[in-house]
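Welcome, and thanks for taking a look at this one. Here is a short briefing to read alongside the viewer, starting with a single loop residue and widening out from there.

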Amino acid sequence: MSLLQAPTILLDGALQPDGWVQVEGTRIVAVGTGSPPLTAGRRVELPEGTLSPGLVDAQCNGAFGHDLVDADLAGWHEVATRLPSTGVTAVVPTFITAPVATLADALRRFRHLDRQLEGPGLARRLGVHLEGPFLAPTRRGAHREQDLVDPDPTAIDTLLDAADGALTYVTLAPERRGAIAAIERLAAAGVSVAVGHSDATDAQVGAAADAGARLVTHLYNAQRPLHHRDPGVVGAALTDPRLTSGLIVDLHHVHPHAVLLAFTAATGRIMLVTDAIAALGMPPGRFELGGEEVHLEADRPPRRSDGAIAGSALAIDAAVRNAVAIGIPLATALTAATRIPATALGHPELGRLAPGAPADLVWLDDGLHVAATWVDGHLAHGELPGATTT
Ligand code: ZN
């Protein structure tokens with residue numbers, strides 16, 4: 001049994017003073033504020049900052065020099081080991097557009113490697129996000145045009161078979177031929193669908209939600225924008241209560257005022273995502289994203305040689321700091337990186353401090369930098385002040 005005490009704690013989406021969390025093994029057994037219970041065990045008083053649920057990143061292509069779609073076991077291990085340094089305790093590896101057969105191979109490879117990723121303190125992998133290949137050519141961003149196809153039943157079944165339960169969600173453009181049937185098929189198979197890289201109208205996004213789509217991939221980026229007579233993907237995402245949208249708050253992808261607009265219009269339905277690529281945590285240089293070369297310059301998002309922005313080098317703790325810096329309350333920003341993505345991804349047990357939940361925690365210092373991270377009750381990153389044992 002161990003007890004963590006912090007000056008501030010995120011409980012039920014609100015910051016509370018003098019919080020504590022009691023952990024036994026891999027689980028949280030009690031949480032509260034004020035005087036903690038006098039139980040035997042290890043007691044750690046965190047001297048500053050905020051204790052939060054571990055951060056959940058719903059879109060991560062790679063990090064620390066590794067493009068996850070073709071990383072080997074050592075690469076996966078490094079990414080899962082080091083992501084907790086950014087506060088991440090659960091991540092959805094994202095594979096971008098490639099031929100369907102290639103993605104099916106990547107899904108099989110993921111299942112094979114993921115089974116071998118063992119050891120305490122590794123960030124959880126919440127299945128795979130396939131971003132493509134069923135995307136709109138006009139909104140393709142960094143995705144290869146020649147690999148974009150319609151989501152015909154054969155393609156969907158090929159991917160579902162290869163994933164064998166390891167597919168969490170698929171980003172697609174609902175205006176593509178066969179998309180509505182594909183959304184229904186995926187939803188029936190327990191796979192979420194995100195609208196993204198799409199030129200869909202507001203009505204087409206509504207039809208996608210009717211068919212079971214529940215997510216929108218990187219709101220504002222690579223989608224039909226908001227026009228007052230043609231609200232597009234953005235208008236639908238902001239107003240349809242069924243949809244939760246990812247948002248890249250690196251202050252390059254989306255203007256701060258558009259970030260504020262999203263959090264205001266879609267309260268409780270915005271999740272911070274990184275869309276990070278191999279460049280995350282690395283110095284400027286050349287990296288790969290889905291087989292394409294990408295360049296990272298200092299203080300800029302990564303770009304393909306044709307200038308298209310290709311993911312980000314954003315860490316999710318930096319996204320939280322950026323959101324707070326532009327006026328989003330800390331509790332809102334943290335909830336958008338914890339409970340909201342966990343729930344939207346079908347993992348309501350994650351992203352919250354509550355009895356029975358896995359002990360995935362992050363301690364942010366007063367500057368909102370990650371001071372320590374726990375996965376399953378194991379200290380995965382950081383050092384703690386001296387503990388007292390009773
Ligand atoms: Zn994208």
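His347 sits in the loop that links helix 10 (339-344) to strand 20 (361-364). Please keep in mind that this is a predicted model. With that said, here is a tour of a few residues, one helix and the chain as a whole.

**Two loop residues**
- His347 is partly exposed, because its relative accessibility is 21% and the buried class ends under 20%.
- Beyond its neighbours within four places in sequence, His347 is in contact with Leu126 and Ala342.
- If you would like a distance to check, the C-alpha atoms of His347 and Leu10 are 18 Å apart, and 337 residues separate the two along the chain.
- Pro329 belongs to another loop, the one between helix 8 and helix 9 (330-335).
- Pro329 has a relative accessible area of 48%, so it counts as partly exposed; the exposed class would need over 50%.
- From Pro329 to Ile340 is 11 residues along the chain, and their C-alpha atoms are separated by 15 Å.

**Asp317 in helix 8**
- Helix 8 covers residues 316-325, and Asp317 is part of it.
- Asp317 is buried, because its relative accessibility of 9% falls under 20%.
- What does the side chain of Asp317 make a polar contact with? The partner is the side chain of Arg321, at 3.0 Å.
- Setting aside residues within four places in sequence, Asp317 has contacts with Leu55, Thr86 and Val370.

**Thr373 in strand 21**
- Thr373 is placed in strand 21, which runs over residues 370-375.
- The relative accessible area of Thr373 is 0%, so this residue is buried.
- A polar atom of the Thr373 side chain lies 2.7 Å from the backbone oxygen of Pro84.
- Not counting residues up to four places away in sequence, Thr373 touches Pro84, Gly87, Val88 and Thr89 on one stretch of numbering, Leu361 and Val362 on another, and His378, Leu379, Ala380 and His381 on a third.

**Helix 6 and its surroundings**
- Helix 6 (residues 232-239) is largely enclosed by the rest of the structure, because 7 of its 8 residues are buried.
- Those buried residues are Gly232, Val233, Val234, Gly235, Ala236, Ala237 and Leu238.
- Which elements do the buried residues of helix 6 pack against? The helices are helix 5 (202-211) and helix 7 (256-265), and the strands are strand 13 (192-195), strand 14 (215-216) and strand 15 (244-248).

**The chain as a whole**
- In total, the chain contains 10 helices and 23 strands.
- Its radius of gyration is 20 Å, close to the 21 Å that the globule rule gives for 390 residues, so the chain is as compact as a globular protein of that length.
- The C-alpha trace spans about 65 × 45 × 45 Å along its principal axes.
- Of the 390 residues in the chain, 56% are buried.
- Among contacts with a separation of 6 or more, 68% are between residues 24 or more positions apart.

**Surface and charge**
- About 14800 Å² of the chain is exposed, and carbon and sulfur atoms supply 51% of that area.
- There are 28 positive and 43 negative side chains, and the centres of these two sets lie 3 Å apart.

Methods. Residues numbered from 1 in each chain as written. Predicted model: local features only at pLDDT ≥ 70, side-chain atom pairs only at ≥ 80, totals over all residues. Heavy atoms only, no water. Helix = DSSP H or I, 4+ residues; strand = E, 2+ residues; numbered from the N terminus. Rg over C-alpha atoms; globule rule 2.2 N^0.38 Å. Buried < 20%, exposed > 50% of the residue type's maximum accessible area, 1.4 Å probe, protein only. Contact = heavy atoms within 4.5 Å. Areas by Shrake-Rupley, 256 points an atom, 1.4 Å probe, with all protein chains shown as cover. Lys, Arg positive; Asp, Glu negative; His and termini not counted. Charge placed at Lys NZ, Arg CZ, Asp CG, Glu CD. Polar contact = N/O pair within 3.5 Å; in protein donor to acceptor, adjacent residues only side chain to side chain.
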